[in-house]
Amino acid sequence: MTKSPAKIQAALALGFALLLWACWAAFGTPLRVRWLVSRGAPPAAEEASAEAVEAIRAQGVAARGTLLSILHGGSVRARKSWVAGILLRTPFFAKAEVEAALSSPDPSTRRAAVYALMEGEAEAQEPGVEGAKVLPASPVAAPPGKGASPDAWDPAPALPILLEWAGDRADLESRFAVRLLGRFPPPNDAVKEALLRVVEEARTILGPEGSGDLQLRKFAVVNALSALRPWAASDPSVVERVSKVVAWIEDEKLSDAGWDLQAYALGLVEAAGGRGADPALLERLSRSPAPVLRQRLANSLAAVPGDGARAVLEHLLFDETATVRRSAVLTLMKRREPRLLDLLPVLLEDCYIYIRSDAVRAVGELRGTEAARCRALVPVLVSCLEHPWEGEPAAPGTPLAGFQRAGMVDVVESAALALWQVAGDAPGFLRRDPATGKEINDLLDWKKRGEIARRLVEDGEARAAIVAQWRERTDPPPADLRTGALVRRMLEDRDPENVVRAMRELQRLTGDATGFPPAALRRKDDDTEARNAVREWWKADGRAKARPAWEARAGGPR
């Protein structure tokens, strides 16, 4: 019996459908998983990557084999890491399989497994870095040491792979290995030496033999500098070796904003408490164009011994930024530097009034180690009590006027406290208790001390009466003391505001304006023109031209 064409077509359609179903059953999941991986793996957008992760998880454990084949296949390291991260999480939990990949003969597979097991995506901070923020955090790895959970993965097997990866200059992703090495805390000489070797590669990277591709290795250098902070705290040799490299880069003028090497080097100095710091590096940091970095440097030198640190701080006393200068004064106070007493007249001539107050307070702080020299400065302290601010007063009603008035109160308070500490007397701050007849020293009560100082600033006659009591037992300071200090400010200061003030005060005190730009001496509500005139004066080498005459007037070179 012959079958009709319709029945034949129906049978063929049914057979073809069964074949398609069998093919999809055999190959559908692997094909879909591979398509999802190609769609969601780096450098895919974050939203697309997250959708692909959820779709792969929805495939269930049937996707495990395909994901493992990708991990051991010929894909790039970033894609393999992304896949390994999925395998470590629900519903696969293939931790053993990913750990087994650590022994793979393929370097990209080993590195991908390490990156995933150590949660490398948590270290990725640069734009577009693979896998960042796509996979949810999980405790598959933790830094070795205290605080790790019992179920956390011990990253010790990863160390040889990371050391080899970090030293691979040809792999631009080696910067991630350097970051992950920072997870291993001291003491671990292998890690320390690996990180230092990366830093010391900077000479090759930036030298004549450094190719364009090798220039990208600098990101690994920066990561190594950041990772070395824990070692710097306990091993001075770390700062010593890094200092030489950074100093070489700065000397060769090969640094740029992308490196930010000065900030990283200062971070190591801070972590080490100044131990092992190269004085030449400190000097270069003090000339950084970033005021914040110079201020950090000034704050970090409190515990750094030696003349080198003191010379850097003295250099910062003439910085163009007032907050940097004040930090240098406060650090010198912490160091109990007698040099502050020599510099006192110069510090008193700073346009930032709180530096004047700090310098006065320093005399009292140093009384324990330099008692005789502090007593010799009593006339200067009395002069500060008499004239809390010397120079042009701020225009009444302006914000600067309120700032200056508050600073004057601080100067009077500091001068009275220093006089009591050095000379043992405090006229105006001592009173008798009417009930008991006992002497009460209001300097010991910070609130009353401030109230009295505020009243003395407002009442010039009361302040003059206190000064008269001091003048009965001490002479005024030498008449030329301010002249010499102002000359040094004019010749050495890098803040145009300070130079303008010094020029105007020198003209007022001496009647001489030799070598000064006329615009700097013209007084206006806004001193922008005067400051700009000083900058032009510097460019025209006016400071060098004026130096001989003013040094002769001040009594010699400064």
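This talk covers the salt bridges, the cavities and pockets, and the nonpolar cores of one structure.

A word on the source. The model is predicted.

Let me start with charge pairs. How many salt bridges does the structure hold? The count is 54. I will walk through three of them, then a network.

Pair one is Glu193 with Arg241. Their closest N and O atoms are 3.2 Å apart. These two sit in distant parts of the chain. Glu193 belongs to helix 9, residues 189-200. Arg241 belongs to helix 14, residues 236-251. The separation is 48 residues. Now, are the partners buried or exposed? Neither label fits. Glu193 has 26% relative accessibility, so it counts as partly exposed. Arg241 has a relative accessible area of 24%, so it is partly exposed too.

Pair two is Glu320 with Arg494. Here the N to O distance is 3.6 Å. This pair also links distant parts of the chain, 174 residues apart. Both ends are in loops. Glu320 is in the loop between helix 18 (307-316) and helix 19 (322-334). Arg494 is in the loop between helix 27 (481-492) and helix 28 (496-510). On accessibility, Glu320 comes out at 37%, which makes it partly exposed. Arg494, at 23%, is partly exposed.

Pair three is Asp512 with Arg553, at 3.3 Å from N to O. What does this pair tie together? Asp512 lies in the loop between helix 28 and helix 29 (518-521), and Arg553 lies in helix 31 (residues 542-554), so the bridge ties parts that are 41 residues apart in sequence. Arg553 has 42% relative accessibility and is therefore partly exposed.

Now the network. Some salt bridges share partners, and they join Glu314, Arg339, Asp342, Glu370, Arg373, Arg488 and Glu492 into one network.

Next, empty space. Rolling a probe the size of a water molecule over the atoms shows where such space is left. Searching the whole structure turns up 3 cavities of 30 Å³ or more.

I'll take the second largest cavity. Its space is about 40 Å³. Which residues line the second largest cavity? They are Arg169, Asp171, Leu172, Ser174, Arg175, Leu216, Arg217, Phe219 and Ala220. Helix 8 (174-181) and helix 12 (218-227) are the elements that give two or more residues to this lining. By class, that lining has 4 nonpolar, 1 polar and 4 charged residues.

On to the open sites. The largest pocket holds about 730 Å³ of space. Its lining has 28 residues. Nearest the centre are Glu392, Leu400, Gln404, Glu497 and Asp527. Two or more lining residues come from each of helix 19, helix 24 (399-423) and helix 28. Which helix gives the most to the lining of the largest pocket? That is helix 28, with 5 residues. The classes divide into 11 nonpolar, 4 polar and 13 charged.

The second largest pocket has a volume of about 290 Å³. It is lined by 19 residues. Ser383, Glu390, Pro477, Pro478 and Arg482 lie nearest its centre. Two or more residues each come from helix 23 (378-386) and helix 27. Helix 23 has the largest share of this lining, 4 residues. By class, the lining of the second largest pocket has 11 nonpolar, 2 polar and 6 charged residues.

Last topic: the nonpolar cores. In soluble globular proteins, nonpolar side chains tend to be buried together. Here, the largest nonpolar core has 140 residues. Which residues have the most contacts inside it? They are Val37, Leu67, Trp82, Leu87, Leu162, Leu195 and Val242. By element, helix 24 gives this core its largest share, 10 residues. So far, then, helix 24 has come up twice: in the lining of the largest pocket and in this core.

Let me zoom in on Val37. Leave aside its neighbours within four places in sequence. Val37 is then in contact with Ile56, Leu67, Ile70, Arg79, Trp82 and Val83. Among these, Leu67 and Trp82 are also on the list of residues with the most contacts inside the core.

There is a second core, separate from that one, with 18 residues. Its members include Leu486, Leu491, Ala520 and Ala554.

That is my tour. Happy to go back to any part.

Notes
Residues numbered from 1 in each chain as written. Predicted model: local features only at pLDDT ≥ 70, side-chain atom pairs only at ≥ 80, totals over all residues. Heavy atoms only, no water. Salt bridge = Lys/Arg side-chain N within 4 Å of Asp/Glu carboxyl O. Buried < 20%, exposed > 50% of the residue type's maximum accessible area, 1.4 Å probe, protein only. 1 Å grid on protein atoms, 1.4 Å probe; cavity = no way out; pocket = protein on both sides within 12 Å on 5 of 7 lines; lining within 4 Å. Points joined across faces, edges and corners; volume = space filled by probe spheres on them. Nonpolar A, V, L, I, M, F, W, Y, C, P; charged D, E, K, R; others polar. Core = buried A, V, L, I, M, F, W, Y, C linked by side-chain atoms within 4.5 Å. Contact = heavy atoms within 4.5 Å.
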